[in-house]
Amino acid sequence: MVGRVRAGDTDAYAVLVRRHARAAMRTATLLGAGSDAEDVVQEALVKAYRSLGSFRADRPFRPWLLRIVANEARNAHRSAVRRTGREERQARDLWAELLDPAAAVVDREDKARLLAAVAGLPDKLRLVVACRYLLELDEADTAVVLGVPRGTVKSRLSRGLARLREDLAATIEEVDHA
């Protein structure tokens, strides 16, 4: 498909966009773009189209595109830091919407605690946890999307999960004592 786009077939790029737009949107949202997620994805898709000449055909397209989305999301996040209060509430709502539909059977209070704990992680840990468990990317794709070595993904994931266990245990203990 990328070869067809490089040959000038813009319809082929439309197919690639349709195929990967949903993952791109989830990635932008989970990596902090908030209400700017659509703009981030649009900008990333334009940049990807312009950069197809540097895309290595022996590599998968999706992680390459999501890496561009991740970079754009980081840029948007940096520029939107001063709008934190409202954006944080919206992000929590989006996290809840992005959970696997099968998880709907989980008690709402438990889900809220989990989402709050994930949202409370430091950015580096939160991003790895989000990519692995909410975007369902494997370690290699997570490494590509976040632009870090695979070993860094493993160590941050381990620290993030340990932190979540501690935070959730403390939250449950507080609820039990209330």
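The following exchange asks what lies behind several descriptions of this predicted model.

Reader: Why is His20 called buried?

Author: His20, which lies in helix 2 (residues 10-33), has a relative accessibility of 12%, and because buried means under 20% relative accessible area, His20 counts as buried. Leaving aside neighbours within four places in sequence, His20 is in contact with Phe61, Arg62 and Leu65.

Reader: What makes the aromatic pair of Phe55 and Phe61 edge-to-face?

Author: There are 4 aromatic pairs by the rule applied here. In the pair formed by Phe55 and Phe61, the rings are 5.7 Å apart centre to centre, with 75 degrees between the planes; since a pair requires centres within 6.5 Å, and planes over 60 degrees apart count as edge-to-face, both conditions are met and the pair is edge-to-face. Ring pairs also link Phe55, Phe61 and Trp64 into a cluster.

Reader: How do you know whether Phe55 and Phe61 are buried or exposed?

Author: The cut-off for buried is under 20% relative accessible area; Phe55, at 5% relative accessibility, therefore counts as buried, and Phe61, with a relative accessible area of 9%, is buried as well.

Reader: What makes Arg132 count as lying over the face of Tyr133?

Author: Arg132 is at 5.9 Å from the ring centre of Tyr133, and the distance limit for a charge over a ring is within 6 Å, with a further condition of lying within 35 degrees of the ring normal; Arg132 is accordingly listed as lying over the face of Tyr133.

Reader: Which residues touch the most other members of the largest nonpolar core, and which domains does this core draw on?

Author: That core has 47 residues, of which Tyr13, Leu31, Leu52, Phe61, Val145 and Leu146 touch the most other members. At least two residues of the core are supplied by each of several helices, including helix 2, helix 3 (37-50) and helix 9 (150-177), and at least three come from each of domain 1 (1-86) and domain 2 (99-177). Leu31, not counting residues up to four places away in sequence, touches Ala70, Ala73, Leu127, Cys131, Val145 and Leu146.

Reader: How do you know that the span of helix 4 is close to the expected one?

Author: Helix 4 has 19 residues and reaches 28 Å from its first C-alpha to its last, whereas 27 Å is expected at 1.5 Å a residue, so the span is close to expectation. Among the buried residues of helix 4 are Phe61, Trp64, Leu65 and Glu72, and what covers the buried residues of this helix includes helix 1, helix 2, helix 3 and helix 8.

Definitions and conventions: Residues are numbered from 1 along each chain as its sequence is written. This is a predicted model: local features need pLDDT of at least 70, side-chain atom pairs count only at pLDDT 80 or more; totals for chains, interfaces and linings use all residues. Side-chain values use heavy atoms; hydrogens and water are left out. Helices (H or I, at least four residues) and strands (E, at least two) are DSSP runs, numbered from the N terminus. Buried means under 20% relative accessible area, exposed over 50%, partly exposed in between (1.4 Å probe, protein chains only). Contact means heavy atoms within 4.5 Å. Rings of Phe, Tyr and Trp (its six-membered ring) pair if their centres lie within 6.5 Å; planes under 30 degrees apart count as stacked, over 60 as edge-to-face and the rest as tilted. A nonpolar core is a set of buried Ala, Val, Leu, Ile, Met, Phe, Trp, Tyr and Cys residues joined through side-chain atoms within 4.5 Å. Domain bounds come from an automatic or database domain assignment.
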